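Open the model in a viewer and keep a selection box at hand. The stops below say what to select next and what is there.

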Amino acid sequence: NNGQVAYVPIDKLQNATGISNPNLLLIKLNDSTDRNAAIAQIRSMVQAANSDLEVFSLNGVVEQNISFLSSTWQTIMLIPFFTLASSALCLMGYMMLAVDEQRQEFGVLRAVGAKPQIIVVISAIQSALVIASSFAVGISLGVITTLLILMTNPVVTSFTVLEIAAWLLAALAAMFLFSLYPAFRLAKTSILKLMT
């Protein structure tokens, strides 16, 4: 509840309050039951039995906690997007550097008769190797770190892991296409400019 929760061992709580007997009763209502009427009826019965006892509906507290966790989760989910954006920029920088370093080799290939598409094919293979290795390491370490270390008792199905992998593959496919921009640009360059 916005960090305003204190967890106290039950024996210390019993010593502090001076109550050693159970004084809490939880009731679960059927979905077909009218909640307001049932709570009003239970409240009147409890008040008739002992005026010191109270009846609380946990719906309000649960809704507060769910909305708090939802907003926290939405904030945390921004981190993967920033990570993907930074990795896309890193991949673009790597591919620009790799293409620029191979500029003369590509010029020699073009001079001996290679078609401009060979530049794109070679760059695509390099980019695919980098992306495939990072995907394999990233998905395995990410799943292990998140599900086995950060969560104590994860309730995650294999479908969830596959869904995460599918979203990551879609992002990596987009990154792959964007990383080919320097190769397309260099493929349109004339042979004389490549050799200089």
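Which residues does Ile139 touch, not counting residues up to four places away in sequence? Select Ile139 and show its contacts (heavy atoms within 4.5 Å): Ile164, Ala165 and Leu168 appear.

Before going on, note that this is a predicted model, in which local features need pLDDT of at least 70 and side-chain atom pairs count only at pLDDT 80 or more, while totals for chains, interfaces and linings use all residues. Residues are numbered from 1 along each chain as its sequence is written, and side-chain values use heavy atoms, with hydrogens and water left out.

**The cores.** Add Leu91, Met95, Ile131, Phe135, Ala165, Leu172 and Met175 to Ile139; these eight residues form the largest nonpolar core. A nonpolar core is a set of buried Ala, Val, Leu, Ile, Met, Phe, Trp, Tyr and Cys residues joined through side-chain atoms within 4.5 Å; buried means under 20% relative accessible area, exposed over 50% and partly exposed in between, with a 1.4 Å probe and protein chains only. Two or more residues of this core come from each of α4, α6 and α7 (158-179). Helices here are DSSP runs of H or I, at least four residues long, numbered from the N terminus. A second, separate core has seven residues, including Val99, Phe106, Ala183 and Ala187.

**Ser127.** Next select Ser127, in helix α6 (residues 117-150). Ser127 is buried, with a relative accessible area of 0%. Leaving out residues up to four places away in sequence, Ser127 touches Leu91, Met95, Phe176 and Ser179.

**α4 and α5.** Now show helix α4 (residues 78-101) with helix α5 (residues 103-111): they pack at an angle of about 55°, their axes 4 Å apart. Axes are lines fitted to C-alpha atoms, for helices over the stretch in contact, and angles run from 0 to 180 degrees between N-to-C directions. The angle makes α4 oblique to α5, oblique being whatever is left after under 35 degrees (roughly parallel), over 145 (roughly antiparallel) and 65 to 115 (roughly perpendicular). Val99, Asp100 and Glu101 of α4 meet Arg103, Glu105 and Phe106 of α5.

**The salt bridge.** Stay there and select Asp100 and Arg103, which form a salt bridge with their closest N and O atoms 3.9 Å apart. The term requires a side-chain nitrogen of Lys or Arg within 4 Å of a carboxyl oxygen of Asp or Glu. The structure holds one salt bridge. Asp100 is partly exposed at 46% relative accessible area, and Arg103 is partly exposed at 25%.

**α1.** Finish at helix α1 (residues 10-17), where the count of buried residues among its eight is zero. Gly18 follows α1 and has a positive phi, near 75°.
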